[in-house]
Amino acid sequence: MDPELDQITQAILIASDPSQTSLHAQALEYLSSIQQNAQMTWRWALALFVEPGAEGNERKYPPQVRFFALRVLEDFLDNRFDSLGSETFKIIQESLVKYIQSEYIYGPAEVSSPFLRNKFSHTLSLFFLRTYVEQWPTFFTDFFTLISPLESSSSSSFNPHVSLLLFHLILEISGEVADQMLKAARIHNPARHTRDGRVRDAVRERDAAGINEAVLTIIAANVEKLSKLRSASGSAESRKELEQAEEVVDWGIRTFGSYVGWVDINLTVTPTTVPLLFTLISDAALPIRLATCVAVSRIVSKGLKEPGDKLQLIKVLALADVLATLEERTRKEQIVRGEDTDEGEESYREALGKLLNVLGLELCKLSEDTKDDVRTEATRLTDQTLPVMLRFLADTYDDTSSTVFPFLSTVLLAHKKTRKTSAEPISDATRAFLTSLLEVLLEKLRWDGDEDPADLDEDDKAAFEVLRKDLRTFMDSVLVIDPSLVTGAVQTLAMNTLNAYQNGVAVKWNDAELAVYLVYIFGEINKSGGGKGRAAFCETPAVIDKEKRKLTDYSEFALTVHGQMLYTLVQSRISAYPHHTVTLQFFETTTRYTDFFKVRKECIMPTLHAMIDQRGLHNQDSSVRARMFYLFHRFIKEVRNEISLDLSASLLDSIRDLLSIQADLPELDSPETQDLLTEAIKNPGIFDSQIYLFETAGILNSLFFKDPTQSETLLRSIVESLMGELPGHLQAAKVSNDVTAIVKIHHIIMALGNVAKGFPELPSTLPEGYILPPLEVFREIGQAILVCLEQLNVVKGVRDATRFAFARIVAPTGSSITYLIPPLMVNLLVHSEPSELADFMNFIGLLVHRLKDAMFQVLDELITPLTTHVSQLLAQPASGTDDALTHGDSKKGYLNLLSSIMTAKLQGVFLSERNKGQLEGLLEMMERLVIDLTDPAGQRSALQFLARCVNVWAVPSPDGAPQALPGFERFIYERLIPATFRVLSLPEFNTKDGQVMMVSYEIASFYQTVAKARGQETLDFFVSAFLPSQGWPQEMALDFVTKLRDLDNKTFKKYFTDIVRAAHGGS
């Protein structure tokens, strides 16, 4: 056997040596074959692991070889649930026992390779699971003899190495047979499930008492040893013994906790164990305390059949009193430490909080029991734990605070249920609890005053926002129970802080931020107490006629509570607080409640001044500026009707210096695979927020609509500087392919488009006296953008930006820029990529919607080549996920475009001299889409388009004039109706799929559309020709056409889908 062992050893040494490049792959392959054939190689692995060295006190093979040997043994033992052969069992049993004796009793217990101890305990547990029930029933009895003190030894203590091995072994066994998390992570195996159940039952019957006694005896002996060592002098040897004893107690308690959930509670909860556990839960050694918390938690959460038994268990433990004492002690220690954080002690408080949470949840379950005595006593005990729970909730460390969230949530849920079912006022005790809870919640909503959010990373800031969200959930629950309590507390705290600041009292930044934040959330808190719109902020009469609202002077009405808070917020000048977090929260709040400023217009000016000075848009912090670009835009957009022309002009002047565009080029993570231009456009930096400012400039400019000359002058003052930059950037882009220049062109095009977005949309029918915007300026903008596109149409980013800009320019200008559309289309298409086709068609659809008849000539030239291109694209098989997405998006975009054309009543474009020859091909493509079961959404869109075609081309003229499309009805009867019926009869038509059944609804609607368009002709076709050809009985066909004619659309669709389901077997 030795040559094989030496060969395996050499292979492992080569595989673990990176310098052995020539043999490395070969060694790995050889070792893999050894492991895969564990049924044949386990003897070698066993020998490699246990064989002693020449001196007798060391192992023959190095640690990495022995670790591999254990992996082979695990592969041999794991995932097999039959008994071992008697010879195999005997060999492994004798080898492992001999190894334990030599290594753990007489040897160093793998002191130089502790990872082997952990690996061996797992391997031993697998051998136990395979053999305990039938082959080695005395496993634990035999093992216990190894723990006992040696007769030849003068020491009466237990062998610590074997004790630890026993603990690790039991932990592994408990994990395998009872750990639900481990079981859930595995694929369910019925054989394993049965084996685990048999092992648990056998342990309970044979050895549970012995295991528990051994574990507790070892723990108790080492606890006594700890006491003596801690009181003795601290020599190096005694410190080593102390550490070893602490390790044994720690692992002993972990072991105890691992099996309390699946053995008899009478073994684990006794007059001996309870005092021991409560002694260890406050032990000097942190690991022992943490392990004890877990063990006690598992005792408390252990399932018992009778609620009365669980209640008695909780009363015996008297855990609430213990936790109250420990919470008070650790809190005092926390205060003494001050800013000197002790992570270990904080983790202990966290463990205590988790333990209280488990106790509280168990009591809450008992509080819902059907037995009055159990319910009453459990409720009393729950109430006793609430003060302790509040103290944990108030912990300055959020991880500790959050441990009791589930308990608190359950308590509040119970109160909400009681509130819904009882008309009685809440009790004094409940109100006192809720009052204390609110104080804690409001305190926890504060930022840590010693930290600046600007210095925190995004994860920490996000974690605090999540915490605030959770705390808000609790406040919402209290709001349901006692609304006035919450609104009163929030109002009082916010108003007191704001008034104090207004009166010159020093206020900490986190107190100021909390006050503003409370005003911010008050609208959500006070949903039931406030109205909507202006009514949320002032006490308006019950009803104000719609016609009178614009003439109503809301300043005459008294403010609501929220209105008072917002008024105080603005008047307090808290926006001037010298901390970014406070000022930004102020702007978030004022922007959220813009209707308030329509009630108290005098608050608009101070708010706008704050927004445009160094507190807001001109803040030195770029992150504040970036957010303010959006908030300022939103505020102006909502209150623009309250802004005077003088103020508008002043605001435009104030932001003019911020309209200069920068091109930020990112640093590439992988320059060899990333394109700098693509990445710069995808990640535009602050321009992503700055673009809102250009729309705001457009909004402010649009307010001058009554003075076209001034409006044009102001607009030119905004856009001409941007357009003036374009020639220079174009030159740099064309000559040297300057990336910065191209990015600037991209940004300027988008900025110009967003300026146009700030102007109101041109009405489809201009009312009398309508004053047009500065159309000549917009035509110049469009021409400038088109010049850029013509010279850089090879750049995808420029094409994208042009579509973006023109989609916005067309809204306020209408048909006045139609002459730019043909060259625009040519340059967008000449170098376009397949992925752009959907965006292009959506863009055309938008232009059709905006310009309607003015788009006829463009569509006349475009629709046939576009249809041909889309048809060819869809005919090609998708070569991957990206191709499939492009196909899907292109099909959807094309169908949406067709729908837009029909909606705009431009269907004549399909019948023009240029396109009428291609109409049949278009209709045939629609027919193919209708029968494509892989895309139900596409089927529905195609059917909807065809139904519109029926309405415009198949309806006979009342005066006998020829149809717009003669013979179209034959296509309906000969192609479309047969095709739709064929779809419904396909076996792949899954009537259990909701999306597929929507197709049947659309087909039913299509039939009704045809019937309404053609009248009796369609009914005769169905009853006399088509349905009989499909094998329908005459009576059934007559019933069908009667319902087709008489039922409303909704009822007929239900009737029709019932027929479809019945045809597919009633599924």
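**Figure 1. Asn737, an exposed loop residue.** At 53% relative accessibility, Asn737 clears the 50% mark and so counts as exposed. This is a predicted model, so take the close-ups in that spirit. Asn737 sits in the loop that links helix 34 (708-736) to helix 35. Its backbone is worth a look too: phi of Asn737 is near 50°, a positive value in a residue other than glycine. For context, most residues other than glycine have a negative phi.

**Figure 2. Asn79, another asparagine with a positive phi.** Here we're in the loop between helix 4 (63-77) and helix 5 (86-105), where Asn79 lies. Asn79 isn't a glycine, yet its phi is positive, at about 60°.

**Figure 3. The whole protein chain, for orientation.** Before going further into the details, here's the full view. The protein chain is built with 48 helices and 0 strands. Its radius of gyration is 40 Å, well over the 31 Å that the globule rule gives for 1067 residues, so the protein chain is more spread out than a compact globule. Measured out along the principal axes, the C-alpha atoms fill a box of roughly 120 × 85 × 75 Å. Of the 1067 residues, 49% count as buried. The accessible surface of the protein chain adds up to about 50,400 Å², and carbon and sulfur atoms hold 51% of that. Looking at contacts with a separation of 6 or more, 71% of them are between residues 24 or more positions apart.

**Figure 4. Pro760 in its loop.** Pro760 belongs to the loop between helix 35 (739-757) and helix 36 (775-791). With a relative accessibility of 47%, Pro760 falls between the 20% and 50% limits and therefore counts as partly exposed. Which residues does Pro760 touch, not counting residues up to four places away in sequence? Those partners are Ser702 and Pro812. If you want a sense of scale, try Asp1020: Pro760 and Asp1020 are 53 Å apart, C-alpha to C-alpha, and 260 residues apart in sequence.

**Figure 5. Thr813, tucked away in helix 37.** Look for Thr813 in helix 37 (residues 796-813). Its relative accessible area is just 2%, under the 20% limit, so Thr813 is buried. Leaving aside neighbours within four places in sequence, Thr813 is in contact with Leu762, Leu775 and Phe778. Arg779 is in this view as well: its C-alpha atom is 8.5 Å from that of Thr813, though the two residues are 34 apart along the chain.

**Figure 6. Thr607 among its contacts.** This threonine is part of helix 29 (residues 604-612). Is Thr607 buried or exposed? Its relative accessibility is 0%, so Thr607 counts as buried. Skip the residues up to four places away in sequence, and Thr607 touches Val570, Phe586, Phe587, Thr590, Phe597 and Phe635.

**Figure 7. Helix 14 and the helices around its buried residues.** Helix 14 (residues 273-280) is mostly covered, with 6 of its 8 residues buried. Which ones are buried in helix 14? They are Thr273, Val274, Leu276, Leu277, Phe278 and Leu280. These buried residues pack against helix 11 (208-231), helix 12 (236-259) and helix 13 (265-268), and also against helix 15 (286-300), helix 16 (307-317) and helix 17 (319-337).

**Figure 8. Helix 19 alongside helix 22.** The axes of helix 19 (residues 372-393) and helix 22 (residues 428-444) come within 10 Å, crossing at roughly 10°. That angle is under 35 degrees, so helix 19 and helix 22 are roughly parallel to each other. On the helix 19 side, the contact is made by Leu386, Met389, Leu390 and Leu393. Helix 22 brings in Phe433, Ser436, Leu437, Val440, Leu441 and Lys444. Sorted by class, this contact has 8 nonpolar, 1 polar and 1 charged residues.

**Figure 9. Helix 45 crossing helix 46.** Now for another helix pair: the axes of helix 45 (residues 994-1014) and helix 46 (residues 1016-1029) come within 6 Å and cross at roughly 125°. Helix 45 and helix 46 are therefore oblique to each other. Tyr1007, Val1010, Ala1011 and Arg1014 make the contact from helix 45, meeting Gln1016, Glu1017, Thr1018 and Phe1022 of helix 46. The residues of this contact split into 4 nonpolar, 2 polar and 2 charged.

Notes. Residues are numbered from 1 along each chain as its sequence is written. This is a predicted model: local features need pLDDT of at least 70, side-chain atom pairs count only at pLDDT 80 or more; totals for chains, interfaces and linings use all residues. Side-chain values use heavy atoms; hydrogens and water are left out. Axes are lines fitted to C-alpha atoms, for helices over the stretch in contact, and angles run from 0 to 180 degrees between N-to-C directions. Helices (H or I, at least four residues) and strands (E, at least two) are DSSP runs, numbered from the N terminus. Angles under 35 degrees count as roughly parallel, over 145 as roughly antiparallel, 65 to 115 as roughly perpendicular and the rest as oblique. Contact means heavy atoms within 4.5 Å. Ala, Val, Leu, Ile, Met, Phe, Trp, Tyr, Cys and Pro count as nonpolar, Asp, Glu, Lys and Arg as charged, and the others, Gly among them, as polar. The radius of gyration is taken over C-alpha atoms; the globule rule is 2.2 Å times the number of residues to the power 0.38. Buried means under 20% relative accessible area, exposed over 50%, partly exposed in between (1.4 Å probe, protein chains only). Accessible areas come from the Shrake-Rupley method with a 1.4 Å probe; for residues, only the protein chains shown count as cover.
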